[in-house]
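Visitor: I'd like a close look at a single part of this protein, with some help finding my way around it.

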Amino acid sequence: MATEVSVSSTASPGLPAPARKEYYWLRSFVSGGVAGCCAKTTIAPLDRVKILLQAHNPHYKDLGVFATLRSVPQKEGYLGLYKGNGAMMVRIFPYGAIQFMAFDQYKKLLSKKLGISGHVHRLMAGSMAGITAVICTYPLDVIRVRLAFQVKGHHRYTGIIHAFQTIYKSEGGVSGFYRGLMPTVIGMAPYAGFSFFTFGTLKSLGLAHAPTLLGRPSSDNPEVLVLKTHVNLLCGGIAGAIAQTISYPLDVARRRMQLGSILPDSEKCLTLSNTLKHVYTAYGVKKGLYRGLSLNYIRCIPSQAVAFTTYEFMKQTLHLN
């Protein structure tokens, strides 16, 4: 999801050529990981509320988004809004790093090896990158969701390690950490694909037609044009909103499957099709399949703003342009 357009073949200053090549993967990995962590920490309270609403937590099931945001600090203190964020950081650093790196590599593979270019290769590379990152970090996401779903005074897990041990012993070993993987993979393909596709398309169109208005020279390489911060925010927000709308019902199904035995109706949420059917039958479209979607729209702008701004800053700091 890189945000630069090269206007020259001049190499970036600041690092000798061998160092640029030798450490490129490592610097790219760190840039993506830091960007992901900063973005997720910014919206951690909204993520906690989303999980509580999606899975119909009995303590907050009759509340809306803003009422839940007010209620959580009253019942659990303000740190309750960040419950599960430690597990999220353990997961999101490798997730963000792998996703950004994989996108660049898949894009090169599709264009150079398979001859697929233009807008289509962004969509395909984004989908493949999202799936790769999900599979690599999925067990950590399961742990994070379980911890975030708990309410003060009703704890089943005392922390990350205890959650790992409990799930492994009581839910079938390693397979317990991959419950809900299929809807996650199916949902991630359109989400990541359309996110990269929309942002990349908006970026290329903007820099092609209004480079002075929307772009500026990169600080580590003046020959590279990057999007201005507020433009990154706008393009990222649009991309996130479109991608989330398309994939949201699958995200709801994924959360319910991940929570497993915690939910009283878990026996009806064993497969993707059964989960979607149960949620639709029991709660309908607005209050079931798209419950909490307004919260995700609220999350899009700050999340993408921090992610793209941080990634841009890290790329320039580590001379990736």
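Where is the place of Glu171? And could you take me from there through the surroundings, step by step?

Guide: Sure! Keep in mind that this is a predicted model. Glu171 sits in the loop between α7, which covers residues 160–170, and α8, which covers residues 181–209. You might wonder whether a loop residue like this is buried or exposed. Buried means under 20% relative accessible area, and Glu171 has 17%, so Glu171 counts as buried. Now look for a partner from another stretch of the chain. Glu171 and Gly260 are 89 residues apart in sequence, yet their C-alpha atoms are 9.0 Å apart in space.

Let's step back into α7 and find Phe164, which belongs to that helix. Phe164 has a relative accessibility of 27%, so this residue is partly exposed. Setting aside neighbours within four places in sequence, Phe164 is in contact with Leu140, Ile143 and Phe177. You can also check its spacing to Gly176: the two are 12 residues apart in sequence, and from C-alpha to C-alpha they are 9.6 Å apart.

Hold on to Ile143, since it leads us to the next stop. Leu259 and Ile143 are 116 residues apart in sequence, while 9.3 Å separates their C-alpha atoms in space. Leu259 is part of helix α10, which runs over residues 229–259. With a relative accessibility of 0%, Leu259 counts as buried. Its contacts, leaving out neighbours within four places in sequence, are Ala55, Val145, Arg146 and Phe149.

While we're on α10, have a look at Ile238, which lies in that helix too. Here the relative accessibility is 36%, so Ile238 counts as partly exposed. If you ignore residues up to four places away in sequence, Ile238 touches Thr198 and Leu202. For a longer reach, try Asn85: Ile238 is 153 residues from it in sequence, and the C-alpha atoms of the two are 25 Å apart.

Next comes a helix with plenty around it. α3 covers residues 44–54, and 11 of its 11 residues are buried, so the helix is largely enclosed by the rest of the structure. Charged side chains are on the list as well: the buried residues of α3 include Asp47, Arg48 and Lys50. Others among them are Leu46, Val49, Ile51, Leu52 and Leu53. What provides the cover? The elements over these buried residues include α2 (24–42), α4 (65–76), α5 (85–113) and α6 (119–149), along with α10 and α13. After α3 comes His56, which has a positive phi, near 55°.

There is another histidine to look at, towards the end of the numbering. His319 lies in the segment after α13, a helix that covers 293–317. His319 isn't a glycine, but its phi is positive, at about 60°. With a relative accessible area of 22%, His319 is partly exposed.

For a strand region, go to Ser218, in the loop between β2 (215–217) and β3 (224–227). Its relative accessibility is 3%, so Ser218 is buried. Apart from neighbours within four places in sequence, Ser218 is in contact with Val224, Val226, Gln316 and Asn321.

Now zoom out to the whole chain. You'll find 13 helices and three strands. The C-alpha trace spans about 60 × 40 × 35 Å along its principal axes. A compact globule of 321 residues would have a radius of gyration near 20 Å, and this chain has 20 Å, which agrees. Of those 321 residues, 53% count as buried. Among contacts with a separation of 6 or more, 74% join residues 24 or more positions apart. The accessible surface is about 14,300 Å², with 67% of it belonging to carbon and sulfur atoms. As for charge, there are 35 positive and 14 negative side chains, and the centres of the two sets are 4 Å apart.

One last thing, from the records: an unreviewed UniProt entry places the feature "repeat: Solcar" at residues 23–109, 117–205 and 227–317. Over residues 23–109, the chain is 77% helix and 0% strand, with its end C-alpha atoms 20 Å apart.

Methods
Residues are numbered from 1 along each chain as its sequence is written. This is a predicted model: local features need pLDDT of at least 70, side-chain atom pairs count only at pLDDT 80 or more; totals for chains, interfaces and linings use all residues. Side-chain values use heavy atoms; hydrogens and water are left out. Helices (H or I, at least four residues) and strands (E, at least two) are DSSP runs, numbered from the N terminus. The radius of gyration is taken over C-alpha atoms; the globule rule is 2.2 Å times the number of residues to the power 0.38. Buried means under 20% relative accessible area, exposed over 50%, partly exposed in between (1.4 Å probe, protein chains only). Contact means heavy atoms within 4.5 Å. Accessible areas come from the Shrake-Rupley method with a 1.4 Å probe; for residues, only the protein chains shown count as cover. Lys and Arg count as positive and Asp and Glu as negative; His and the chain ends are not counted. The place of a charge is taken as NZ of Lys, CZ of Arg, CG of Asp or CD of Glu. UniProt positions are given in the numbering used here, feature names are shortened, and annotations may be inferred rather than shown by experiment.
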